[in-house]
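Notebook open, model loaded. I want to go through cysteines, charged pairs, one sheet and one helix, and jot down what turns up.

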Amino acid sequence: MLKYTLKRLLYMVLTLFIVITITFFLIHAIPGDPLSSLARNLPAQVKENFYAKYGLNKSVPEQYVMFLKNLCHGDFGESLKFPGRGVADIIEKHAPISARLGLQAITIGVIVGIVLGIVAAFKRNRWPDHLVMFIAILGVCLPSFVLAALLQYVLSVKFELFPTAGWGTGKHTVLPTIALCFGSVATYARYMRSSVLDVINQDYILTAKSKGISNFNLIWKHVIRNAIIPAITILAPQIAGIFGGSFVIESIFAIPGLGSNLVDAVNNRDYTVIMGLTIFYCALYIVSLLMVDILYGVVDPRVRVSEEVAE
Amino acid sequence: MKKRKVLAIIMAITLLAVALMGCGGEKPKEPAEEQGEAEGNEEQNETEGDEAAQDAEIDDEQYVTLRMPVEPQAIDPSKSSDLYSSDILNEITEGLVRLERDEDGGDVIVPAGAEDWEASDDELVWTFNLRDYEWEDGEPVTAHDFEYGIKRTIDPEVASQYAFLLYPIKNAEACNAGEKELDELGVKALDEKTLEVTLEGPCAYFEKLLAFKTMYPQREDLVEQWGDKAGSEAEYTISCGPFKLDNWTHKSELILVKNDNYWDVDKVKLDKIVYKIVEDPNTAYNMLSNGELDICGVSKPEWLEKFKQRDDMTYASEFEPSVAYQFFNQEVELFSNANVRKAFTLAVDKEELVEVLYYGIGEPADGWIPPVMKVGDTTFRDAVDEPLKKLAEENPDPKELLIKGLKELGMDPDPSKVTVTMLEAGTDAENRRFAEYYQQAYETALGINVEAEYVDWPVFLDRVQDMDYELAGMGWAGDYDDPMTFMDMWITGSEMSNTGWSNEEFDELIKKAQESLDDEERLDYFKRAEEILLYEDAVISPTIYRKSSRFQYGYVKDTMKPLFGSGIEFKYGYTQGRN
């Protein structure tokens, strides 16, 4: 097991390094530079001073070496667009905001989705099933930003129940959370419904039923445990996405999350921020994949066994 | 049983419909007379009226909330280069002067940190006498603070992007290039309260640069203590102006509160200004309509219409020092001919363009210097006719001009065989709307084929700088209140424009205008230069003089937006009658 874990860790570092390298050369290959966000021409001297200050007058490989060196010292650098803001600071400030929203949305999404899926499966072809499937189709078809605009207009502008946009109190998170989780509710409900249907037709369920097991225990111990595996698979990218935040939702509700930072950074060619955030996302993604693998083992003993066999 | 259910559903629906209608129809029930009053109120600058009565009536809670569409870079006069940082800096800093707006919409320079100033006879040495005033922490504002501020901006290591606005100061350009020591810069604190600035050469518009952030005082002790962090958070800023920065939640909001240590604090009525950073325009409009914002710029037609119907709001649309224009790459054979360029210039119906593309926000531009800009104290556009009007009168048919140009070039005179690619900055639906309009305008008027190529803004700038385009459009906003800010970018080798155009007479005129201190003479130079640029050589084709467009609730009073200020000036603002 230790050997396996070490191997996994080594692969993670290697993946990270490859992603960093590719991203670095790609963003320096696209035309434009950080000064273009100014939207105007500047005298040559002023530009030269700016390039010199941030080492942009050096060749790209030189910049790459410099970047790696700083990175080894844990220095992500300073934003080119927002002087004085360290990239690490930006992540530290804005990631928790995206994370809170994402966690709220994903928790509600997963729980509600799973419950709806189970209900739909057990009431197959009856009205609860149709209702859940209707919600699911709506959730898949209706883009989150349309829902967001709708919620905003009805609940904030017309009825003034919630603030239109902004960040600060719990009230501010209600509308964006609903807009964000609607899609996952739909996804999880659909996955859960089909895998529960699969499971309840299995022989062991019949056996359990004939043993006279209570309904709750049947669902909890036998059905969910077996049906939830596909749902966990789609959870991995979503965990990483939690911190990433949704750019569109953040923009509509004026939420100072990380998503809008990344989009702005790309638009402004803010190289240091792009790199910093890429590393952050990449690391998160890799780690969440690892977490999911571990989760599989917890939920499904078969996975554990096969790993040990592989060793 | 069933019948009752149906009845209940119908009743519920009816109730819901009534409720919804009630919400929608609430606004316009006020009598029409109030609307008339609201319209008469368009300009919010009236300061007359009984002061005492005003004081008695103004709201107990004095605050305004407005939209800021983008996060400011840094509240640091040397390091920031965006309008939004300048906006905040203007409210928290008292420089030598402040800009205010007069009744005609032009700018007036009002003494602020400097009580008065004088220039030597050759106008090369300027001496400013500072008033006694303090920073928010009680330290006096001294001439050394101004000297330090200017030197910091020029310091090449700070890499200030607006350092070039200080180039009129002696040795500034050399110091910015690192060729001379900062000690040789022509700025000196003679004593605590006297600042002397020496210029490199004559500069007729030097006074108009005083209000800009590059001339602000800065605290050496604090800036050094803060290091790189200066201006990046509320705690790394210091105020000597009407307000101070109390709280800054990045990408969310900035809160300014009244600075009780401000020397002119009696005139400041607002206790709090909240800038909400809202990028999505629809969200901002929603916030304006339910009162979460008091002031908001509005540019989408459906919302303009909606807000104009509301009688509790006033609309303000003022000229900005900004012009949108089309420009031609003269290294492309077709555009090397002046008649061809003229044909393209005349092909666009600007009246229609303002309506269709800009929803009426702006004025058709037949000149390059926008209205309300001044030479000395004379408004340039009042004294000089727009050159493109003459061009249009003399050439009623642009297609004829094009054919003439094609013949001169020795090309096939059939316009339908000409294909031009227009480079458009931006790739969204709005850019498509713009490019398609121009495409259709050129094709209809000239009978040519126009293709549009859409690229990202940074790519666009790169392509233009590399002269890798045929025809493109962008905007220019002036930096200070003198035609020079619109003119010196076109001289040979300026690096600020990329058309491949060069004209000796034009260069000569601009040089003369730079050296002259005589307003009338300079006006004539600029007049002739503009004529060459537009009428004779048709280097660029201005399309509109841009205007701002914003709504604010009627209870927000006495705000103003100076032409070369960076945003709305709240020093005198207050609210009266907010619910």
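**Cysteines.** I started at B:C203, which is buried, with a relative accessible area of 4%. Note to self: this is a predicted model. What is the closest cysteine sulfur to that of B:C203? It belongs to B:C175 and sits 17 Å away, too far for a bond. I then searched the whole structure and got 0 disulfides over all chains. A:C141 is likewise in no disulfide; its nearest cysteine sulfur, in A:C181, is 17 Å away. Is A:C141 buried or exposed? It is exposed, at a relative accessible area of 57%.

**Salt bridges.** Next I counted salt bridges and came to 37 over all chains. I looked up a few of them one by one.

The pair I went to first was B:K251 with A:D264, whose side chains meet at 2.4 Å, N to O. This pair crosses between chains: B:K251 is in the loop between β8 (243-249) and β9 (253-258) of chain B, while A:D264 belongs to helix α12 (residues 258-268) of chain A. I checked burial too, and both B:K251 and A:D264 are buried.

Then I took B:E147 and B:K151, which form a salt bridge at 2.8 Å, N to O. How far apart are they in helix α5 of chain B? They are 4 residues apart in that helix (residues 143-154), so about one helical turn separates them. I have B:E147 down as buried at 16% relative accessibility, and B:K151 is buried as well, with a relative accessible area of 15%.

B:K389 and B:E386 gave me another salt bridge, at 2.9 Å, N to O. Here the burial is split. B:K389 counts as partly exposed because its relative accessibility is 45%, above the 20% under which a residue is called buried. B:E386 is buried, at a relative accessible area of 15%.

I also noted a network of salt bridges that links B:K390, B:E505, B:R528, B:E531 and B:E536.

**A sheet in chain B.** I traced an open sheet of 6 strands in chain B, in the order β14-β20-β13-β19-β17-β18, with mixed pairing. Which strands stand at the edges? They are β14 (363-364) and β18 (449-455) of chain B; each has a single partner strand, so one side of each is left without a neighbour in the sheet.

Further in, I followed β13 (residues 319-328) and β19 (residues 471-477) of chain B, which run antiparallel and are joined by 7 bridges. For one of the residues involved, B:Q326, I found the bridge partner in β19(B) to be B:G473.

I then looked at what lies over these strands. Helix α11 (residues 338-347) of chain B lies across β13, β17 (419-425), β19 and β20 (540-547) of chain B. I noted its angle to β13(B) as about 130°.

**A helix in chain A.** Last entry: α9 (residues 215-227) of chain A. Which residues of this helix are buried? I listed A:L218, A:V223, A:I224 and A:A227. Looking down the axis of α9(A), I found its buried residues within an arc of 135°, so they line one face of the helix. On the other side of α9(A), I found A:W220 and A:K221 exposed.

How values were computed. Residues numbered from 1 in each chain as written. Chains lettered and ligands numbered in written order. Predicted model: local features only at pLDDT ≥ 70, side-chain atom pairs only at ≥ 80, totals over all residues. Heavy atoms only, no water. Pairing = 2+ DSSP bridges. Helix = DSSP H or I, 4+ residues; strand = E, 2+ residues; numbered from the N terminus. Contact = heavy atoms within 4.5 Å. Axes fitted to C-alpha atoms, helices over the stretch in contact; angles between N-to-C directions. Disulfide = S-S within 2.5 Å. Buried < 20%, exposed > 50% of the residue type's maximum accessible area, 1.4 Å probe, protein only. Salt bridge = Lys/Arg side-chain N within 4 Å of Asp/Glu carboxyl O. Arc of directions from axis to C-beta.
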